[in-house]
Amino acid sequence: MSADKQSIQEIAEADYQEKLRLRNEIESYYEEKRKEIGLDSTKRIIDLLEDPGPFFSRNILFAHKDFNLILDAVDKGQEWAIVSGFNPSGPLHFGHKAMFDILLWLQRTLGAYIYIPITSDETYVVGKANSLRAARYNAYEFAIPSIIALGFDPKLTRIYVTSDYPDLYNAAIYISRFLTTNSVNKVFGLDASENPGALFYMGAVQMAQILLPQLPEFGGPKPTLIPVGIDQHPYITISRNVARRLNFVPPAELIWKFLIGLKGPTKKMSSSIPDSAIYLTDEPEDVKRKIKSAYSGGSPLASMQKERGAVVEIDPMFSLLTFNFLSDDEWAKIHESYAKGALMTGELKKLATEYILDFLSEHRKKREDAKKHIDEFILRTPIKSVLEMDQLSNLVADEKE
Amino acid sequence: MSFDLKALLNQTSLVVNSTPSPVEIDENIHARAKNKKTIRVMYGETYDRLGHTFDSLKYYFYVAAVGNLLRKEGVPVEPTILVADVATCRNEPESRHAELMELGKGRANFVREIDETYHLGLNVILMSEYLFTDEFQEQVSRVRKLADVNKEVFNWIEQTVPASKVEIENDKGFAYAFDEVATIINYDLKVGPPREIFYDEPARRIGQAMGLEPLQCVYLHPTFPLAMNRGFFLKDEEVAQYGVTPYKAGSRGLEANRIVLGQTSIESVVELVNNSIVSYKPTMPNPVLDLVVISEMAHQYMNGEVSSIDIRERFFDKTISTDQLKQTAIENVTNYVLNPLDFVIQGEKIYER
């Protein structure tokens, strides 16, 4: 073997070992974090669902708290809600799509009533848009049509752009009395340099969004599920504390794993790293360019990949396919052939490109059509209860009687 | 294919697992039958004050089925239902012992009535009837002596006690554990719920250490409460895995979710069944399926035959709808259990509750 060849072999070996290390690190990260913060594994939920769907069975939804309250409501035929917001700093990417697919699956299989706050105020106060106008434009032009185009049921879905729903701020003002600046700063990592709008948004407006379905206008206290990434768990903890003080049902949470960004497994797909994400508005050429330069779980040496297979768990394209597209049979087949070296990285990228371009072409049409249906989804219910009561919890108690 | 012991041990509608395998149990039983007079089969139960559960019938019927099938082959067999009155008193204040012992007598009599109604051919005994005999006390003494000199055996005795009760039992010199082990190691086949594996395994090792033939056990499907939804089973992992104690109506405070013979009306059975979640998912607790299995066994005994029960397979093959399963459960429980036992209950032959 020549010195050059030996050196390539060594580099490939080191690359492979590093990928294995990353895989183990990421896999143990989620499990350790789950145990550390005292969440339950979703494994037993799989046993109790007739069809656990791809998100539970592929361990994308891997942890929960109080999901039993949701199953309870489903089995008793009682209404329950999901709250899941979207920050309209730009169009949706495939990480967002996966999140909305989870909501959609929960709506279709378990009958969830879904509230989707589009947080234009957040986009502005945290500096992700330079004006409320820009944030609102993103909301109505890209986010809401894309969300509707995914197939949500208008009878079971309410979307609102927070800056266009000022009643929410009265609820936030009311709820703010149940919080302290110290607790908000601690949970959200804010300090004195932060603008007061961010503090008000994170502390009170976000809590109002989470607890909104339990206000009397929306039927009063009910089980509410908040699907989030594990980094958002502290927000749910704080909302559970507030809910208890209001005699509401403390929100349940369902935690998902992040979709790996195109630049590698250590970063999730994120709008703040534009080339880490494929957007639902991307042109085919952009998609091809991004996929071509995407990180891979395969080996730089084809012979090594054929022999050992790819480290599929850290491969962004396999992750994207896992979260977004494949049926169980397809997933098992591709997983096996990619892990065993029968499928090469280039072939996987080609396959992913086809799936993505097909989807985007269809989605583009559906998004345009969805713009005509926005009104069917927009939440406009006035929130009067917080203005008319001496104490919110008393009113809720009265409603129950 | 004839229905024999091996087939009964392999009945997936009833059996969840066994130690050793069904094939080995069958071989061992037949080998033992050649060497000794009688094959001893047992199921033992304690009880509470809340009555006699429908779920106990599964064990009576299964033990009786082992007995019937072996008798048909000409194998001498003693299928025994042990009503553990003394064990029931163990963790109760002394002031209640007399009442509980009376309940035990009533319970044993009720089992005898069930035996008579369905022609089961069971031997029903009370723990108090043998516990104080010289023969049994000698057996206990042998186990104690072995535990005194062999730390490993003592550890096995300790393992038969739930972790939460080790301290209490230690203060009592593990009397209950020694009695329990000395009782079960004498049998050729023990039938029970899956949770009993926790004390059957140590008992098996102790029996072997004493040079006895290894204890063999068949575990039937766990008993799940009726009319509980999936949220309950997600929250209570232990009940989802092991079920409730089949023979104690008040297990986990869920007596309202059980059928208690002589207490639960047909109307309540209908309500309990209709409010139960029935799923084709085999991992989901399915108490309604168990009702159909038990009442089908009752039906077979009424017709004087013991044969295969394939309802579990047929249900999971989806040849029976979930609504049909519920309807069958209601009809069969009524026709083959509640009505036939009604005269026993109405005639006040059952024990005083």
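Trainee: What makes strand E3 (residues 81-83) and strand E4 (residues 113-118) of chain A a pair?

Mentor: Two strands pair if DSSP finds at least two bridges between them. E3(A) and E4(A) run parallel and are joined by 3 bridges, so the criterion of at least two is met. Ala81(A) stands opposite Tyr113(A) of E4(A). This is a predicted model, in which local features need pLDDT of at least 70, side-chain atom pairs count only at pLDDT 80 or more, and totals for chains, interfaces and linings use all residues. Residues are numbered from 1 along each chain, chains are lettered from A in the order in which they are written, and side-chain values use heavy atoms, without hydrogens and water.

Trainee: Why do E1 (40-41) and E5 (157-161) of chain A count as edges?

Mentor: The open sheet has 7 strands in the order E1-E2-E7-E6-E3-E4-E5 (chain A), with mixed pairing. E1(A) and E5(A) each have a single partner strand, so one side of each lacks a neighbour in the sheet.

Trainee: Why are helices H5 (residues 94-110) and H14 (residues 316-324) of chain A called roughly parallel?

Mentor: Their axes come within 9 Å and cross at roughly 25 degrees. Angles under 35 degrees count as roughly parallel, and H5(A) and H14(A) therefore receive that description. The contact (heavy atoms within 4.5 Å) involves Phe94(A), Lys97(A), Ala98(A) and Asp101(A) of H5(A) with Leu320(A), Phe323(A) and Asn324(A) of H14(A).

Trainee: What makes strand E2 (residues 39-45) of chain B mostly covered?

Mentor: Buried means under 20% relative accessible area (1.4 Å probe, protein chains only), and 6 of the 7 residues of E2(B) are buried.

Conventions:
Axes are lines fitted to C-alpha atoms, for helices over the stretch in contact, and angles run from 0 to 180 degrees between N-to-C directions. Helices (H or I, at least four residues) and strands (E, at least two) are DSSP runs, numbered from the N terminus. Angles under 35 degrees count as roughly parallel, over 145 as roughly antiparallel, 65 to 115 as roughly perpendicular and the rest as oblique. Buried means under 20% relative accessible area, exposed over 50%, partly exposed in between (1.4 Å probe, protein chains only).
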